[in-house]
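Student: I'd like to learn how to read a strand and a domain interface. Can we work through an example together?

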Amino acid sequence: MAFLGPDEWQAVALSLKVACLAVAASLPFGLAVAMLLARGRFPGRQILNGIVHLPLILPPVVTGYVLLLGFGRRGPIGEFLENTFGVVLAFRWTGAALAAAIMAFPLMVRAMRLAIETVDPGLEEAAATLGASRLRVFLTVTLPLILPGVLAGAILAFAKAMGEFGATITFVSNIPGETRTVPSAIYAFLQVPGGEASALRLVIVSVVIAMAALLVSEVMARRVAARVAGR
Amino acid sequence: MSLSVDLNHSFPGFTLDVTFEAPSGVTVLFGHSGSGKSTVIKAVAGLLKPNAGKVVVNDRVLLDTHGRISVPVPRRRLGYVFQDGRLFPHLTVRANLTYAHRSDTKGLDRVVDLLGLGNLLERRPGALSGGEAQRVAIGRALLSDPVMLLMDEPLAALDAPRKAEILPFLDRLCSEGGVPILYVTHAVAEVARLASHLVLLENGQVLRSGPAAKLMADPVLVPHMGVRDAGALLTARVVAHHPDGLTELEAPGGRLFLPGVHRAAGDPLRVRILAQDVILSRTRPEGLSALNILEGTISALHRGGGPGVVVQLAVGGEHLLARITRRSAEAMGLAPGQTCFAVLKSVAVAQVDIAEAAPLR
């Protein structure tokens with residue numbers, strides 16, 4: 001990549017890796033939570049909705065600090081993970097993926113939930129009368145109808161994960177090659193004299209990725225509408 | 001097959017308490033909106049959990065709140081045709097039809113043929129007319145190989161031409177006598193055309209349950225059917241088509257001449273004669289423009305609350321209803337046991353009231 005220097009390229013590659021892991025790992029949970037919020041009727045639904053949306057409202061530093069308290073090496077979950085599975089998240093790129101996944105989760109769930117809500121529950125009822133189990137109804141009716149919405153949610157979450165800064169730097173710091181993602185790198189370049197050119201190139205990369213993600217997710221959302229209308 | 005239903009359910013402001021049994025054939029649940037008929041069919045399908053009740057189809061208990069039995073919807077094996085079709089929009093017509101039924105192409109061919117779906121198979125539901133979509137929905141339910149077909153006002157969302165397009169297919173389905181049907185409607189014309197057994201619902205209660213022909217010919221039930229919709233059913237047979245466009249039918253009590261019935265000679269038909277279209281005469285009338293005169297005996301007279309009287313006339317082994325004014329009944333001195341002539345204008349019988357359907361008894 002002639003456009004980017006080695007340090008810059010390292011940050012972009014790391015960001016891509018972090019965002020891919022964040023989206024892949026959180027997708028099943030996001031879909032399950034979106035189904036619960038769209039179709040479920042249970043006490044505490046509003047509380048679940050609130051918890052899911054919390055990272056959107058809280059200062060990212062707070063989210064990062066809470067993650068550090070919980071998933072740090074001395075935190076209850078972090079200690080359990082290290083003792084049981086030998087997994088350490090704090091100050092590792094996997095920790096950056098966790099922070100990015102949590103920050104992107106509300107966006108992902110929201111897009112999926114909107115898609116699920118456009119599906120007429122009567123269609124699921126009809127499938128049940130035709131002998132389909134709940135799993136088959138989900139796989140053959142609900143999922144195909146919301147698939148573009150699921151992809152749109154994943155793309156938005158990916159873009160958000162690429163750009164996550166506050167929670168990431170608080171939870172896993174800013175270690176070159178391990179946790180220095182694009183935003184952290186921009187921040188670091190701006191701290192040293194003569195770093196503006198590098199920062200600017202990363203800014204351009206960020207803008208391009210964000211724009212592309214937005215456009216693709218818009219197109220996907222339109223395809224949901226067309227599918228549900230049966231054209 | 002038999003269907004046995006006993007349901008108790010309440011919504012705010014409405015209580016349903018319904019018990020009925022139905023033999024095989026086409027059982028129609030008839031009632032005005034709010035009578036509880038949709039609640040009953042949904043409870044049979046398992047789409048609604050009643051407060052208490054028991055549903056048995058063919059000796060198989062689908063629901064018994066006392067015995068804590070409630071077979072899940074997918075395992076009830078009841079084909080359900082919804083008022084709004086509910087085709088899967090992302091699948092082609094073919095994939096919709098085979099959703100419940102993956103292997104047996106012979107069954108698919110038969111249903112495609114029965115419902116005239118041949119040229120729709122590769123289309124998407126979004127490209128179908130309302131009538132086509134409903135035919136596909138019926139086919140899809142049939143192909144799930146149901147022990148009974150549940151049809152929840154399948155024609156209610158369609159305009160008159162679309163209804164007329166589907167009714168012949170329903171006639172064929174019903175008269176084939178294969179799968180038993182539980183059919184919900186608030187349209188008397190559909191009852192007259194399709195029902196073999198009739199359950200009349202009113203305010204969440206069963207008003208009457210019995211053979212459709214018997215209930216349709218009961219003068220007491222005329223107000224419940226709607227005075228302008230009430231009419232008895234006659235079985236007739238096509239005798240000949242005349243060059244002036246009239247079809248001659250052999251009916252109990254005489255010959256009927258009706259405008260162009262498109263059926264072959266010898267075909268059995270059921271014809272609904274609206275009570276309000278029948279004129280009565282004590283003597284055989286002459287010099288009338290009306291072509292159809294059936295001779296019968298008055299078997300019952302029923303006085304309603306208003307100025308009308310409903311007269312039941314035995315013709316052959318069947319019955320006709322005539323709705324006339326009380327003034328006329330008194331002037332003519334009508335009483336049970338008298339011989340009477342029923343006069344009917346040929347053009348009064350609408351095509352929609354002529355079905356090739358199943359025998360009445």
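Tutor: Sure. Keep in mind that this is a predicted model. Let's begin with the domain interface: across the boundary of domain 1 and domain 2 of chain B, 3 residue pairs are in polar contact, both residues at pLDDT 80 or more.

Student: How many salt bridges are there between domain 1 and domain 2 of chain B?

Tutor: The count there is 0. On the domain 1 side, helices H5 (160–176), H6 (188–194) and H7 (212–216) of chain B each supply at least two of the residues touching domain 2. H6(B) has the largest share, with 6 residues.

Student: And how do I put a size on the interface?

Tutor: People often quote the accessible area lost when the parts come together. Here domain 1 and domain 2 of chain B bury about 810 Å² between them, with 52% of it on carbon and sulfur atoms. B:Ala192, B:Arg193 and B:Met216 supply 59% of what domain 1 buries against domain 2, more than any other three residues.

Student: Now the strand. Which way do the side chains of E9(B) point?

Tutor: In a regular strand, side chains alternate between the two faces of the sheet. In E9(B), B:Ile181, B:Tyr183 and B:Thr185 go one way, while B:Leu182 and B:Val184 go the other, and all are buried.

Student: Which strands are joined to E9(B)?

Tutor: E3 (residues 26–30) of chain B runs parallel to E9(B), joined by 5 bridges, with B:Thr27 opposite B:Leu182. E8 (residues 148–152) of chain B is also parallel to E9(B), through 4 bridges; there B:Leu149 partners B:Ile181.

Note on methods. Residues numbered from 1 in each chain as written. Chains lettered and ligands numbered in written order. Predicted model: local features only at pLDDT ≥ 70, side-chain atom pairs only at ≥ 80, totals over all residues. Heavy atoms only, no water. Buried < 20%, exposed > 50% of the residue type's maximum accessible area, 1.4 Å probe, protein only. Pairing = 2+ DSSP bridges. Buried area = accessible area lost by both parts, 1.4 Å probe. Salt bridge = Lys/Arg side-chain N within 4 Å of Asp/Glu carboxyl O. Polar contact = N/O pair within 3.5 Å; in protein donor to acceptor, adjacent residues only side chain to side chain.
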